Amino acid sequence: MTGALDDMGAMREALQLAAQAQAAGEVPVGAVVLKDGVVIGRGYNAPISGNDACAHAEIIAIQAACAALGNYRLTGCTMVVTLEPCVMCSGAILNARFSRLVFGAHEPKTGAAGSVINVFETAALNHQTAVTEGVLAPACRALMNGFFQGRREVIKRTTTPLREDALRTPDARFSDLVDWPYTPCYTTEISVLNGLRLHYVDEEVRAVTAAPIDVDASGRHGQGACLLLHGAGGWGYQWRYWIEALRARGQRVLVPDLIGFGRSDKPKRVSAHSPAFHAQVMAGLVAALGLSQVRVLDASGGLGAYLTRVHADVFPRSASIEVSRVGAQTVASAPFPDDGYRAAERAFAAAGFFDDDVHVSSDKKRVGEAIRMDAMRPDGEPSERAAALAFLDAFLDA
Ligand SMILES: [Zn+2]
């Protein structure tokens, strides 16, 4: 690695270290010490393996940096860590005379840089360290959430028996999804599921106190709910760049993994899949959550339009979103290849799976260019993203 690292570059290194902690069964936290843009100390969380309560990522990185410099002070250095430091580490950062602290995710239970207390704003302490927070926060938070969800799901999985004719992907396969900080929800309670486990994400309207993204559209569309249906070859994760844009527009956002995909159970037989079955599952989910009048964004190739025909009272409107080849390639590496997934893929790929020839799809009336799933990527073409956001505004106003 050559050239001076900026905060983001250093945070990426810290994230890699955090992943090493996770691989060792530790809470995934990583830290690097930067001097003039060069990493002079690295650490990742290791209290369990080292039988050492003090073996936090920051402490280990500080010890390495002091050894590298041959100095007990790290004046002019920057501590870059994936998680807001605890009281112990914040004290060590002050003692070492760091010039700057950069952290990723907040830690609401133990954070000592503002969440629980703020050691760095205590004027009486004789050294002041400047603090920058939130660098690559979604990735840092996703790593933590994935780790703790993985633990919780180990317990939950043993209590949700798997039907004999279905398969289930181990939750650990989903533990390090980037840009996916959402809590998994599961249900087996919808009668048509007949014991299959459905996974979904249910994210509330974005708090108005949160920093607005894009334009601040809160309130413009009133409150509503949207159901996001992924495409064949993918799972709910495909929608990761759409969720916050919708929440900022006053929408509660439901993102299921359809039966046969992602973290939902996967029947081994193609014949388990029919449009009516998937529609009943979605209608059942919405009813179980007490929702009505749910708008549908549909990348499944037709389930959204099917819902607006068969359950028009609940799903008044649907719009198609295209999954590009690029998107399809990334989902080809979906972490759940097995016979259940292949059965679902085959069912969805069958010609006319979602078409019923009695009705002409109302979806075909849509005007203008189709919006692509990838258009919402934060690193994508700005004009495409603007067009996607304008499309959302029009869709929610209609
Ligand atoms: Zn600590």
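This is a short tutorial dialogue on reading a few features of a predicted model.

Trainee: Let's begin with the sheet. How are its strands ordered?

Mentor: Here is the general idea to start from: strands of a sheet pair through backbone hydrogen bonds, either parallel or antiparallel. In this model, seven strands make an open sheet with the order S7-S8-S10-S9-S12-S13-S14, and their pairing is mixed.

Trainee: Which are the edge strands?

Mentor: Look for strands that pair on one side only; these are S7 and strand S14 (371–372).

Trainee: How many bridges join S7 to strand S8?

Mentor: Three bridges join them, and the two strands run antiparallel. To find your place in the pair, look at Thr187, which stands opposite Leu198 in S8.

Trainee: Which strands does H8 touch when it packs on the sheet?

Mentor: H8 touches strand S9 (224–229), strand S12 (294–298) and strand S13 (318–322). The direction of H8 makes about 150 degrees with that of S12.

Trainee: H8 also packs with helix H7. At what angle do they pack?

Mentor: Helix H7 (residues 275–288) and helix H8 (residues 303–310) meet at about 75 degrees, and their axes are 10 Å apart. An angle of 65 to 115 degrees counts as roughly perpendicular, so H7 is roughly perpendicular to H8.

Trainee: Which residues make the contact?

Mentor: From H7 come Pro275, His278, Ala279 and Met282, while H8 supplies Leu303, Tyr306, Leu307 and Val310. By type, the residues of this contact are seven nonpolar, one polar and no charged.

Trainee: Now the loops. Is Val178 buried, exposed or partly exposed?

Mentor: Count the C-beta neighbours. A residue is buried with 20 or more within 10 Å and exposed with 12 or fewer. Val178 has 14 inside 10 Å, so Val178 counts as partly exposed. Val178 sits in the loop between strand S6 (166–167) and strand S7 (185–187). Leaving aside residues up to four places away in sequence, Val178 touches Ala139 and Ala142. The C-alpha atoms of Val178 and Cys140 are separated by 8.8 Å, although these residues are 38 residues apart along the chain.

Trainee: What is the phi of Asn51?

Mentor: Phi of Asn51 is near 45 degrees, a positive value in a residue other than glycine. You will find Asn51 in the loop between helix H2 (47–50) and helix H3 (57–69). Asn51 counts as exposed because it has 8 C-beta neighbours inside 10 Å.

Trainee: And where is Asn194 found?

Mentor: Asn194 is in the loop between S7 and S8. Asn194 has a positive phi of about 50 degrees, though it is not a glycine. With 11 C-beta neighbours inside 10 Å, Asn194 counts as exposed.

Definitions and conventions. Residues numbered from 1 in each chain as written. Predicted model: local features only at pLDDT ≥ 70, side-chain atom pairs only at ≥ 80, totals over all residues. Axes fitted to C-alpha atoms, helices over the stretch in contact; angles between N-to-C directions. Helix = DSSP H or I, 4+ residues; strand = E, 2+ residues; numbered from the N terminus. Parallel < 35°, antiparallel > 145°, perpendicular 65-115°, else oblique. Contact = placed C-beta atoms within 7 Å. Nonpolar A, V, L, I, M, F, W, Y, C, P; charged D, E, K, R; others polar. Pairing = 2+ DSSP bridges.
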